[in-house]
Each structure stands twice: as C-alpha cells, then as structure tokens.
Amino acid sequence: MSTKASDSKPSFTPQDQVPLPPPDADVITTCCDYCIVACGYKVYRWPADGPNGGPKRKENALGLNFPLRPGQGGWVGPNQFTQANWNGKLHNIAVVPDHKARAVNVGGGHSIRGGCIAQKVYNPNKSTKDRLQQPMVRINGKLTPVSWDFALDIAAEVGKHAIRKHGESSWAMKYFSYQYFENTYALTKLAFKSINSVAVSHHDHPSFVNSVPGWVDIGYDIFGASYEDFAKADCLLIAGTDPFESKTVVWNTWILKGISGNKTKVIMINPRKTAGAAYVEQHGGLHLDVNPGSDTVVHMAIARVIIEFGWHDSDFIRDHVANQWETDSGFGQGTRNTPWQWRTTWGKFQVKGFEGSEKHWKEWLLSQEESKPEVAAKIAGIHVDKIYQAAEMMGKPKANGQRTKTSILIEKGHYWSNNYLNTASIGNLGAILGIGGRPGQVMTRLGGHQRGGQNGGKYPRWKSPYKVPGRRRHALDLDRWLQDGHVRFAYVVGTTWIQAMAGSHALEESIKRYTTDNPHQVTSSDKQAIIDTLKKRVDSGGMAIVNQDIYLRDPIGAKYADVVLPAATWGEEDFARANGERRVRLYGKFYDAPGDALPDWKIVSMLAKKMGYMGYDWKDSNEVFTESCRFSRGGRKDYNAIKVMAKKQGVKAHEYLRSKGTTGLQAPLLMFDGRLVQTKRLHDYNRKDIPDTGPEGLTVTNKRLLAFKTQTGKLNLVKTPWNLWSDFYEYMQPRGDELWVTNGRINEIWQSGFDDQERREYIRQRWPENFIEMHPEDASARGIESGDRVKVWSDRVPVVTSNNLGVKSGDMWFSGLMKDGHIMQDHGEFDAVVIVTPAIKQGVAFTEFLTMKQAGNNITPRVPDPVSQNYRFKIASGKIEKIGESPYKHSFSQMSLKRRDIV
C-alpha cells in the first residue's frame with residue numbers, strides 16, 4: 001500500500017503558544033468535571049485586554065519559572081487556555097491542575113480528558129458555540145426560541161394535567177445521578193417529595209437501584225476506600241475496568257506507586273488486554289482474559305482454591321462474618337429485610353454462616369460443579385493455571401507468616417453483565433480474605449461519574465406495579481413503563497436517554513410512537529394552543545417531553561422533545577460534590593453562563609413554583625446546598641458538618657468549603673469538641689478517634705464507619721448459584737458466525753463525547769468515528785482488515801415487555817419470561833471502523849460504549865437482571881460484516897488503527 005506524504009498530514013494543528021496569567025490574576029478553585037477521581041484544578045482569570053504574565057516566577061500567578069523541568073507540574077498548554085465572559089467582559093481563562101495539590105492528583109497530575117477541560121468553557125469563537133442559550137418549543141416540527149416563562153408555563157401545565165388525569169406515576173423523570181448536590185437535590189425534591197412519582201431513574205439504570213446489589217446484601221459500602229489504600233496493598237484485584245484508561249490519575253498517582261515500589265502485584269479481569277493489563281503482566285501481575293459474563297464462576301473457583309489450601313482469613317471470618325444466629329436474626333437491614341426480601345426467603349441466596357453443615361457457605365461452594373477450577377476455566381475460556389495463580393497471589397500468606405494485604409476494585413465491565421451474582425461472588429471472595437476497613441485491604445468501586453447525588457425525598461417503591469414473588473416489589477423499570485404506554489410526561493435532564501440505555505433501537509421506536517407519530521402535534525405559536533395540543537396528546541396515550549441540557553442532543557432533544565431548556569454547567573455556578581474517595585469540594589464559578597442558560601436547581605425552582613409547590617424559594621446555590629446538608633446525614637457522603645461549621649464561623653456553607661481548596665473534606669464528616677473530623681475509609685473497625693459517646697450536635701455516627709453495613713455489623717456470605725444466570729447466558733452465546741460484542745471506555749473520550757469527540761479538534765482527529773476491535777483470526781475469517789467499515793448487527797436482541805407480576809420464582813428468570821411471552825426479539829445495528837488486534841480475545845469484539853451516532857447499545861439486551869433490575873450492557877452478541885473501506889484505511893491524517901496494549 002502506498003501512502004502519499006499528504007495522507008499523513010494531521011487534520012488539526014494546535015496552537016504553539018498561550019499567555020501566562022499575571023501575578024494579579026483571579027484564582028478560583030475547582031475540580032475536573034469528568035471522571036470519578038475529580039482532580040483538583042486552579043482557574044486563573046484576567047482581562048483579555050490587560051497585561052499577561054511573564055516567564056519568571058514573580059511575573060506570573062503560578063509562581064513558577066518557565067520553561068519548566070520535565071515532569072514538573074504547573075505547565076499551561078494550549079488546551080488549558082480559552083476566553084470567556086466574566087461579568088459581561090471578555091477574560092482570558094487558564095484551567096490548570098493544581099501543582100500544589102496535596103490530595104488526589106498530588107503534584108498536579110491529570111488525564112487527557114481533564115487536561116483539556118478548559119475547552120469545555122463556552123466560547124462563541126470555538127466549537128462550544130452551539131451551547132443551548134434560550135428555551136425552545138417545537139412548533140411545526142421546528143424548535144423555536146421562547147422566553148423562560150413561556151416554556152415553563154407549558155411544562156408546568158402539561159405536567160400538572162398528566163398528574164391530575166393519569167396519576168403521579170405518569171409524570172416521569174430521567175436524570176443524571178451525579179451532577180452536583182445542588183441540582184440532584186432540587187430535582188429529586190420535585191420528583192419524590194412534591195410529585196411523589198415512582199417513574200424516576202438515573203442516567204445509567206432503567207430503575208432507581210444500586211449498581212452493586214451483592215455488596216448491599218453482604219454489607220460492603222460501594223465507595224469505602226481511600227486512594228492511598230491502593231498503594232498500600234500487596235495485591236490488587238481489578239475487575240471490569242482498566243484504571244489507566246478510565247481513571248488515569250488513580251493509576252498514575254496511586255496504583256503505580258505500589259507497583260513501582262515492587263510491593264503491589266495486580267490482577268486484572270477483562271476480556272481485552274489494555275495498556276494497563278499489558279503493564280501489569282510486565283510487572284509480575286496477571287491478566288484473566290475471561291469470556292464476557294463468566295466472572296462469577298471464576299470468583300467461585302478462586303474462592304474454592306483459597307479454601308482448599310487454607311488461605312482464608314479464619315480470624316477475620318470468626319470476628320467479622322455473620323454466624324448462623326446473626327444471619328437469621330433479621331433485625332434492621334438484614335438479609336430478610338432488604339428491598340429484595342423475596343430472594344432470601346426462598347433459600348436461594350442466604351446461608352447459615354461460613355461452615356458447619358450443608359446450609360453453610362463453605363459446604364455450598366464446594367458442592368457447586370461450577371466452582372471446580374477446571375469447569376470454571378472452561379466456561380471462562382482461560383487456562384486453569386490462571387485461577388490457581390490468582391488465588392495464590394490474593395490469599396497465600398507471606399514467607400514470614402503475615403497475610404497478604406489484598407484489595408478488590410471493580411467497575412462497570414464487572415457489574416454490568418451478571419449483576420447480582422458477579423457482585424455477590426466477588427464480595428464473598430473479599431469476606432473470606434479479610435478485606436474491608438484496613439489500610440491496603442479495601443473493597444470499592446472505582447467509579448464512573450463523580451458522586452453528586454443527594455436525594456430530596458424518598459423513592460416511593462411501594463407504588464411500583466412490578467411485583468416479584470413474595471411480598472416485595474421491584475423498583476419501576478422506566479424504559480418498560482414508557483414502552484408500555486404509561487409515561488405521559490417525561491422530564492429528561494442531562495442524559496442521552498436513548499443511546500445510553502440497552503436495546504436502544506426498541507426504546508427509540510417507543511419514544512417516536514408516543515411523540516412525533518402521535519396525531520396531536522403543535523402547529524400554533526399561541527401558548528394556550530400549545531398547552532391544549534399537548535394535553536390532547538397526553539390524553540390520547542401519547543407523551544410530552546421536556547429536555548434540559550447544555551447541548552441539543554440528538555435524538556432526544558433534536559427530534560422528540562416538545563420543550564428544550566438550556567442549562568448552566570461546570571464553571572457557570574458554584575457547585576459541590578464528592579469524588580470516589582468521598583472527598584467533598586467546591587467547584588467555583590468563574591465565568592458567565594451563555595445566553596439565558598440557568599443552573600438546573602434554578603430551573604427546577606421556577607418549574608416547581610409554577611406547578612404550585614412550596615419550598616423552592618432558593619436565592620442561590622448555597623441555599624440549596626445548605627438545605628440539602630441535613631439529608632446527607634448518615635450516608636457515605638455525610639457533609640452536614642460543613643453547614644454546622646460554617647454557621648459557627650459566621651460564613652456561608654459554600655464559602656467554608658471553598659476555604660478547603662482542592663483538598664476538600666473527606667466524608668462522612670463528624671464533629672467532636674467543636675472540631676471537624678474526617679473519615680479516611682469506611683468499615684474501619686480499628687478506628688480510635690470516635691468516642692463511645694458518639695459525635696456532637698447535628699452530626700451522627702452511622703454503622704458503616706466502624707463496622708459493616710448489616711444488621712449485626714458483620715458481613716453476610718451469600719450463595720451465588722450459576723443456574724440463575726445460565727439460561728440467559730445460554731441465549732446470549734454467539735451462534736453461527738456471531739461474536740461476543742462487549743464495550744467500554746477509552747482514555748481520550750468522556751461519556752457520550754459531548755465535550756471530546758464532538759467539540760475538541762484533536763480528539764475528533766483521533767476518534768472521528770466509533771471503532772470495533774477484532775482478533776486477527778476473527779477478522780481474517782470474515783475477510784476484514786484494519787480500516788474497513790463494518791456493520792455490527794443482530795436480529796435477536798431480547799427486549800422484555802409488559803411483565804409486572806411474578807407469582808412463582810421461575811416467572812422472573814429469563815426462561816420463564818420467554819415461556820410466558822414477555823420477551824420480544826428486536827433488530828439492532830451500528831457501523832464502526834475495524835481495528836484488528838490480538839489484544840482482544842478471540843471470539844470477542846470490543847467497541848466504545850457510547851458513540852452517539854453509532855451506538856453500540858442498539859444490540860445490547862434490554863432484559864434487566866431479575867434480582868437487581870440493572871441492565872447487562874456488557875453482554876451482547878452479533879454478526880460483523882464488511883460494508884466498505886473507511887477513509888482512514890489508507891490515510892493517516894486521522895484515526896490511528898494501532899493496537900492499544902502498548903507499554
């Protein structure tokens with residue numbers, strides 16, 4: 001293949017110089033808006049027509065001499081500079097990692113995502129110029145700018161009509177679970193406290209549920225660790241993620257610290273060898289390239305080996321794992337008193353303790369065929385020796401008799417497949433190894449989004465029509481509720497509802513049927529006529545949609561929304577939230593929101609008052625934060641002490657938090673003797689700084705601080721029977737020339753690419769389209785090469801329909817749903833550019849998880865886990881066919897086709 005020199009010319013040429021902030025520049029504290037790590041940043045702001053800083057430390061606001069030494073923090077690059085208005089006047093803006101940071105990104109590290117975050121700032125001369133700036137209403141199929149009152153009058157009147165005529169659960173909300181305490185509190189106060197609707201779900205779930213239900217039953221909090229624990233561990237088991245790709249600073253600052261000191265050995269479980277997995281292998285670690293969805297049997301087999309060799313932590317099990325009486329006691333949040341009570345009363349999951357009879361966990365485990373290493377290895381498609389090696393790395397005591405300090409870190413590739421069994425089986429593994437609450441011995445999610453959720457009311461599960469066997473109810477499945485025609489008004493806030501959900505094609509068809517295909521379409525610009533038309537649509541079985549976002553998202557906003565509301569975001573308001581080690585910080589406002597855009601809490605305030613609800617008279621975001629504080633009490637992010645300390649000092653709560661800079665405060669927060677006490681890790685039963693009398697005043701001690709989150713404070717072991725998953729797993733197995741098709745994040749792109757792939761020139765150059773990785777043998781068998789464009793498709797995408805009553809246990813499992821006619825098979829497809837690489841396991845293909853125009857979720861199954869109601873995003877199968885060549889096959893100006901497992 002010949003390539004001309006012009007074919008290698010980059011499509012994007014970056015700036016080669018930017019100004020430095022002068023010594024008198026304004027300095028604002030913030031954090032990165034993207035991944036769970038939330039690295040600390042400083043914003044430097046100065047007038048665009050004023051003097052710039054110089055290269056000597058006394059001449060610039062960073063206090064550094066330029067040029068910097070290699071690796072020195074504080075560098076200001078082209079992607080860290082932009083311009084924006086502040087108080088109506090144009091200013092220069094530099095957003096730089098805090099080179100003096102003492103927590104999280106110590107010394108000023110950052111990812112490629114965070115390092116470019118200045119480009120998120122609205123600038124009419126850059127690619128952010130398409131930010132939503134005015135409310136809009138769809139008239140004659142086109143979105144037309146209107147005033148806030150005009151748009152919100154429509155939203156309020158149509159919403160009230162749906163509630164009055166069709167019940168409060170006809171009013172639905174699909175919203176971000178993470179986008180700052182102030183916003184999520186306001187939204188859930190409206191949905192739960194004022195309207196009391198059960199038709200509410202987060203951006204990444206069909207229902208209002210926990211991502212890691214197995215840990216809930218066992219007693220582990222999902223964010224119990226401190227980042228320093230990762231560097232203190234002897235062994236890290238990382239399942240379903242590569243932190244280098246998705247949480248780069250956790251990898252670079254904390255995990256590598258342990259690896260480079262020859263202390264920490266890492267085991268990664270993923271069907272794909274990433275750069276992180278390749279690095280781990282080169283440094284004494286292990287990569288378990290399991291088949292998608294096979295994790296549970298691997299965990300069971302590792303646990304079996306540990307038990308048979310006597311490597312389990314007997315002392316920990318004796319002191320911190322529930323025995324028979326403790327398991328059966330059922331007081332408080334016990335295994336008999338959970339939202340999933342039905343699953344334990346059948347004996348499918350509950351055991352009588354660790355060992356002693358066939359009703360105990362050890363005896364149950366050893367009786368399971370799938371726990372045998374050779375059987376598990378065959379199901380997972382790995383060599384059996386890897387199971388023994390992993391067990392030895394995690395559990396075998398050291399030569400001096402000391403126990404190996406093991407930590408377990410999981411994320412979406414692990415729990416978004418076989419959700420309940422995966423999380424329960426790996427939780428069991430943690431319990432027998434003595435993991436939890438000790439330095440270097442922690443169980444935690446690594447996380448996706450930051451933790452900005454704070455409920456303003458209680459989710460009314462009792463209203464859900466989805467009854468399961470026994471006496472309990474599932475949380476309402478909003479996608480199914482909509483599909484079955486029960487949603488008449490949908491408030492969609494900050495999420496790409498369609499592409500982000502499983503079975504995207506079937507979901508979009510339902511939304512289209514109830515909106516644009518309904519005969520009642522707005523043709524008049526008269527406000528009352530619009531309201532009357534939308535009421536008629538609602539009453540005829542259709543649906544009205546209000547979409548609130550920072551960009552017009554296609555298709556939920558661009559095609560289907562009747563009202564579009566412009567939101568203000570990061571940098572445009574003072575906000576607060578926590579990161580993956582529960583560190584709460586203030587994200588300061590540093591520029592004017594574009595046009596008429598308003599923060600979500602403010603929009604909710606205006607909408608709620610128009611709907612006639614009281615209690616929404618907030619003057620600023622600090623008032624919303626202050627009100628939300630008391631609702632955080634007793635939770636893992638308990639930040640109520642911020643309000644208490646602020647009042648003692650006579651300042652606003654936001655201002656008190658601002659004074660803590662990029663270090664922030666690690667929650668839960670307590671008060672003793674008038675001072676604020678932070679929490680390094682949860683379940684710390686060796687903690688000595690909490691007196692027997694408990695904390696003072698308005699702060700509380702909850703059980704998860706000093707013990708595990710169960711009725712006894714001890715961990716509950718649970719059964720994880722493979723046959724509860726095997727019927728669905730058998731259906732999803734590739735047939736004929738199908739392959740497994742799984743998905744995940746890549747380093748350069750955050751979420752749906754709304755900031756990166758769509759608006760950053762370099763990232764657009766690197767990833768102009770979605771890709772799919774294929775093993776060389778799989779590609780060759782289909783006549784496919786790197787750079788070819790392919791169609792990935794399936795005619796058997798399972799979608800659950802109209803089932804809301806479980807009488808017998810079998811009704812809820814996949815085979816029962818099939819038998820009773822509650823599964824339809826849909827067609828789904830997407831296009832992608834092929835990268836042929838041996839880094840992906842043969843028989844498996846890997847694609848980016850949320851490319852908007854080429855959504856991989858078109859072929860993922862819309863059949864939630866029957867126990868937890870979580871989707872199985874990582875389990876799909878389909879055919880891959882060449883449909884042509886992409887322009888990137890013969891030109892190197894865009895989209896590298898090289899393998900990514902390079903160390």
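Begin by selecting residues 235-239 and 265-269 in this predicted model: they are strand S9 and strand S10, which pair in the parallel sense over five bridges. Within this pair, colour Leu237, which stands opposite Ile267 in S10. Strands of a sheet pair through backbone hydrogen bonds, either parallel or antiparallel.

Now widen the selection to the whole sheet, an open one in which five strands follow the order S11-S10-S9-S12-S13 with parallel pairing. At its edges you will find strand S11 (286-288) and strand S13 (443-445), each of which has a single partner strand, so one side of each is left without a neighbour in the sheet. If you look along the sheet, neighbouring strands are turned by 15 degrees against each other on average, direction ignored. Add helix H17 (residues 419-432), which packs on the sheet and touches S9, strand S12 (406-410) and S13; the direction of H17 makes about 165 degrees with that of S12.

Next, select helix H3, residues 181-195. With 15 residues at 1.5 Å a residue, H3 should span 21 Å, and its end C-alpha atoms are 20 Å apart, which agrees. Stop at Lys189, where H3 bends by about 30 degrees, and then show the surface, since H3 is mostly covered, with 13 of its 15 residues buried. Just after the helix comes Asn196, whose phi is positive, near 65 degrees.

The last stops are salt bridges, of which the structure holds 61. Select Arg759 and Asp130, whose side chains meet in one of them at 2.7 Å, N to O. Arg759 lies in the loop between strand S22 (739-744) and helix H28 (761-766), while Asp130 lies in the loop between helix H1 (112-115) and strand S5 (136-139), so the pair ties together parts that are 629 residues apart in sequence. Arg759 counts as buried because its relative accessibility is 7%, under the 20% limit, whereas Asp130, at 39%, is partly exposed.

Move on to Glu572 and Arg131, which form a salt bridge with their closest N and O atoms 2.8 Å apart. This pair also links distant parts of the chain, 441 residues apart, and both Glu572 and Arg131 are buried.

For a salt bridge inside one helix, select Arg304 and Glu308 in helix H9 (residues 295-308), which are four residues apart, about one turn of the helix; the closest N and O atoms of their salt bridge are 3.1 Å apart. Arg304 counts as buried at 11% relative accessibility, but Glu308 is partly exposed at 48%. Finish with Glu228, Asp229, Lys232, Lys680, Arg681 and Asp684, which are joined into one network by salt bridges that share partners.

Terms used:
Residues are numbered from 1 along each chain as its sequence is written. This is a predicted model: local features need pLDDT of at least 70, side-chain atom pairs count only at pLDDT 80 or more; totals for chains, interfaces and linings use all residues. Side-chain values use heavy atoms; hydrogens and water are left out. Two strands pair if DSSP finds at least two bridges between them. Helices (H or I, at least four residues) and strands (E, at least two) are DSSP runs, numbered from the N terminus. Axes are lines fitted to C-alpha atoms, for helices over the stretch in contact, and angles run from 0 to 180 degrees between N-to-C directions. Contact means heavy atoms within 4.5 Å. The expected span of a helix is 1.5 Å times one less than its number of residues. The bend at a residue is the angle between axes fitted to the seven residues ending there and the seven starting there. Buried means under 20% relative accessible area, exposed over 50%, partly exposed in between (1.4 Å probe, protein chains only).
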